[in-house]
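Subject: Structure for your files

Dear colleague,

Here is the structure I said I would pass on. My notes on what turned up in it follow below.

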Amino acid sequence: GANVRSYGEFAGMAQFNFGGFGLGYSYQFNPGNEPLNRSIGNTTHEIGLQYRFSGAMGLL
């Protein structure tokens with residue numbers, strides 16, 4: 001997937017599922033040329049892990 005924020009940041013994300021497990025990755029960056037963005041890096045990397053319990057009903 002992808003998203004764009006109102007202040008100009010872009011992000012891309014993906015999730016891969018292996019049986020009851022899931023592994024996700026997201027990368028967010030700002031391509032703007034404002035002076036603050038040139039001196040401070042605001043890119044982020046996120047990793048997500050998911051495990052689905054079989055037989056669970058409702059919210060845990």
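Strand β3 (residues 21-29) runs antiparallel to β2, and nine bridges join the two. Please keep in mind that this is a predicted model. One of the bridges puts A14 in β2 across from Y25 in β3. The hairpin of β2 and β3 has two residues between the strands, and G19 in that hairpin has a positive phi near 65°.

On its other side, β2 (residues 10-18) pairs with β1, again in the antiparallel sense, over three bridges. Two of the facing pairs are A2 with G12 and V4 with F10. The hairpin here has five residues between the strands, and its G8 takes a positive phi near 100°.

Taken together, four strands make up an open sheet in the order β1-β2-β3-β4, with antiparallel pairing. As a general point, strands of a sheet pair through backbone hydrogen bonds, either parallel or antiparallel. Which strands stand at the edges? They are β1 (2-4) and β4 (44-51); each has a single partner strand, so one side of each is left without a neighbour in the sheet. From one strand to the next, the twist averages 15°.

One residue I looked at more closely is G22, which lies in strand β3. Is G22 buried or exposed? Its relative accessibility is 5%, so G22 counts as buried, the cut-off being under 20%. Leaving aside residues up to four places away in sequence, G22 touches Q15, F16 and N17, as well as G48, L49 and Q50. G22 and Y51 are 29 residues apart in sequence, yet their C-alpha atoms are 6.3 Å apart in space.

Y51 itself has a relative accessibility of 45%, so Y51 counts as partly exposed.

Now the aromatic side chains. How many aromatic pairs does a search of the whole structure find? There are four. In one of them, the ring centres of Y51 and F53 are 4.8 Å apart and the planes stand at 85°, so this pair is edge-to-face; the cut-off for that label is over 60 degrees. Separately, F10, Y27 and F29 form one aromatic cluster. F10 is also the residue that stands opposite V4 in the pairing of β1 with β2.

If you are opening the model to follow along, G22 is a useful place to start: its contacts include F16 and L49. From there, go to Y51, whose ring pairs edge-to-face with that of F53.

Regards

How values were computed
Residues numbered from 1 in each chain as written. Predicted model: local features only at pLDDT ≥ 70, side-chain atom pairs only at ≥ 80, totals over all residues. Heavy atoms only, no water. Phe/Tyr/Trp six-rings, centres within 6.5 Å; stacked < 30°, edge-to-face > 60°. Buried < 20%, exposed > 50% of the residue type's maximum accessible area, 1.4 Å probe, protein only. Pairing = 2+ DSSP bridges. Axes fitted to C-alpha atoms, helices over the stretch in contact; angles between N-to-C directions. Contact = heavy atoms within 4.5 Å.
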